[in-house]
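Q: Please take a close look at one helix pair in this predicted model. Describe how the two helices pack, and then cover a few individual residues elsewhere that deserve a check of their local geometry.

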Amino acid sequence: MKKTYIKSLSALLLVLGAWTVQSCTGEFEEMNTDPNNPVEISPALLLPNAIQTVVDRYWGHSTRYERLNIDAAMCWVQHLSRNIYINAEGDSYEIPLTISSGTWNKIFTESLVNFERVENLSAPGAAYANSNYVGVALVMKAFAFSYLTDVFGPIPYSEALQGTAEVVINSPKYDSMEEIYAGLLADLEDANTNLVVGGPPITGDILFGGNILKWKMFANSLALRIANRQAAKKPAESRAILTKILADPAKYPVFTKQSESAQLQHFDVIGSRNKMFDVFSTRSDWNVSSTLIDRLKALKDDRIKVYAQPLADGSYAGLPNGLTDAAAGTFNASRIGTKYLSPIAPSLLMTFTELLFIKAEAAFDGDITGDPSALLADAIGASFTEHGLTMPADYMSRIGAVTKETIMTQKWLALFGQGVEAWVEYRRTGYPVMPPPHPSAVFSNEGVLPTRIEYPTSEYSLNQTNLSEGVTKLGGPDNMRTPLWWVE
């Protein structure tokens with residue numbers, strides 16, 4: 001009897017156990033899903049940091065020895081100059097390796113990789129299918145890749161970002177700048193198609209707040225920048241792209257006013273502040289360059305009141321570039337204007353003003369129809385308006401005849417703050433013509449204003465074979481004197 005009872009009890013427990021396992025298995029996966037560590041991240045969560053990172057690296061990163069715009073480019077184009085640490089942080093044409101590695105690594109691993117994930121997650125049939133996310137990702141990838149190729153030269157592009165793809169590529173090949181530019185223009189065409197006003201909404205958009213029309217404007221304005229930049233090397237193709245976009249604003253909208261510009265608005269919260277505020281509000285290592293101050297004073301240009309702070313007597317004075325610390329200490333020079341010391345000042349990616357300068361240059365070069373003088377006046381007027389000023393009625397007579405040099409010099413003045421962009425345009429066109437160095441200036445890099453920055457050392461250790469092919473496509477040694485493809 002006892003054996004029979006035990007057998008019956010065992011059978012009952014077995015049945016109950018089986019029922020329990022069956023009933024729990026259906027909820028097991030749900031019970032073991034950690035809501036704080038999701039397996040798949042949505043585009044809305046990936047987008048903010050990806051945008052923030054590339055904007056910070058373009059406008060003014062706050063980490064010392066990694067600030068390409070503030071420490072290097074703004075000094076190289078003689079918007080700013082250093083009054084201390086001259087020989088280590090850019091003004092003397094010498095930069096730490098971390099500027100190269102920080103720019104390369106952060107944009108690839110924190111921006112581009114995540115833009116690629118946004119695009120894949122939002123593709124048709126994917127978990128978060130949404131053509132507008134695809135369009136945004138394509139625009140930001142084009143911006144980030146154009147930034148990288150414009151400062152390094154040939155870079156991984158067609159095989160980049162494939163570390164987690166179905167066919168994994170951990171050592172991507174380098175593409176030429178010509179190939180990259182062609183790909184970027186094609187991507188921006190696709191972006192314009194994918195971005196549908198009135199289509200599915202997006203969130204996590206810290207640049208335009210989900211305004212798809214502004215994204216289309218940015219896509220097409222950026223395409224104009226890229227097409228114009230390569231115009232000297234591919235005139236027929238560039239002319240066709242410029243004409244196509246400008247002739248059909250309904251299909252290809254572009255910026256039409258300052259409020260549509262691509263600029264990241266900041267908040268006075270740690271982590272969200274304007275990076276120039278983070279740097280300039282805590283250190284006084286920079287002054288406004290005498291090259292910029294002298295040019296503005298010669299033109300009696302009121303933008304000097306925005307770009308620079310007056311001295312105690314109300315006058316403005318600049319500091320020559322490349323001075324030794326001792327020599328710099330003998331000057332009393334203006335600091336950067338208070339507009340750039342605000343924690344909520346925007347970080348600029350591309351403005352309506354820049355678009356007008358592109359049109360003025362393209363008209364002067366014969367790539368589009370239009371009066372270069374009138375277009376230049378519009379561009380200069382927009383620059384004044386951007387800073388809350390009004391262009392004087394006689395300003396155009398102050399600048400003289402409208403030439404390529406006149407257009408590019410005025411664009412250089414308007415690009416204050418966007419040192420990387422001004423540096424690209426100087427290297428491409430050779431304008432403005434910089435004054436002779438001060439007698440006390442000491443420059444590295446054989447005295448040559450840098451034409452690019454060197455590849456990071458990580459590429460020599462992790463991707464040597466492809467890097468060597470990239471240097472061949474560069475057309476010269478991996479140093480800061482080899483000119484890039486689009487030089488005119």
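A: H6 and H7 cross with left-handed geometry. In this predicted model, helix H6 covers residues 177-194 and helix H7 covers residues 212-229, and the two pack at an angle of about 160 degrees with their axes 9 Å apart. Angles over 145 degrees count as roughly antiparallel, so H6 is roughly antiparallel to H7.

On the H6 side, the contact is made by Tyr-181, Leu-184, Leu-185, Leu-188, Ala-191 and Asn-192. H7 contributes Lys-216, Ala-219, Asn-220, Leu-222, Ala-223, Ile-226, Ala-227 and Arg-229. Sorted by class, the contact of H6 with H7 has 10 nonpolar, two polar and two charged residues. Because Lys and Arg count as charged, Lys-216 and Arg-229 of H7 are the charged pair in that tally. Asn-192 of H6 and Asn-220 of H7 are the polar ones, since Asn falls outside the nonpolar and charged classes.

Another helix residue to examine is Glu-119, which lies in helix H4 (residues 97-122). Its relative accessibility is 18%, and because buried means under 20%, Glu-119 counts as buried. The side chain of Glu-119 makes a polar contact with the side chain of Lys-141, at 2.8 Å. Leaving aside residues up to four places away in sequence, Glu-119 touches Val-134, Ala-137, Leu-138 and Lys-141. Lys-141 therefore appears both as the polar partner of Glu-119 and in its list of contacts, where contact means heavy atoms within 4.5 Å.

Backbone geometry in the loops is the remaining topic. Gln-78 is not a glycine, yet has a positive phi of about 60 degrees. The loop holding Gln-78 runs between helix H3 (68-76) and strand S1 (80-82). With a relative accessible area of 8%, Gln-78 is buried.

Lys-300, also not a glycine, has a positive phi of about 50 degrees. Lys-300 sits in the loop between helix H10 (290-298) and helix H11 (304-307). Its relative accessible area is 66%, and because exposed means over 50%, Lys-300 is classed as exposed.

A cis peptide bond, with omega of about 5 degrees, joins Tyr-431 and Pro-432. Pro-432 belongs to the loop between helix H17 (419-429) and helix H18 (457-462).

Note on methods
Residues numbered from 1 in each chain as written. Predicted model: local features only at pLDDT ≥ 70, side-chain atom pairs only at ≥ 80, totals over all residues. Heavy atoms only, no water. Helix = DSSP H or I, 4+ residues; strand = E, 2+ residues; numbered from the N terminus. Buried < 20%, exposed > 50% of the residue type's maximum accessible area, 1.4 Å probe, protein only. Polar contact = N/O pair within 3.5 Å; in protein donor to acceptor, adjacent residues only side chain to side chain. Axes fitted to C-alpha atoms, helices over the stretch in contact; angles between N-to-C directions. Parallel < 35°, antiparallel > 145°, perpendicular 65-115°, else oblique. Left-handed = near helix turned anticlockwise from the far one by under 90°.
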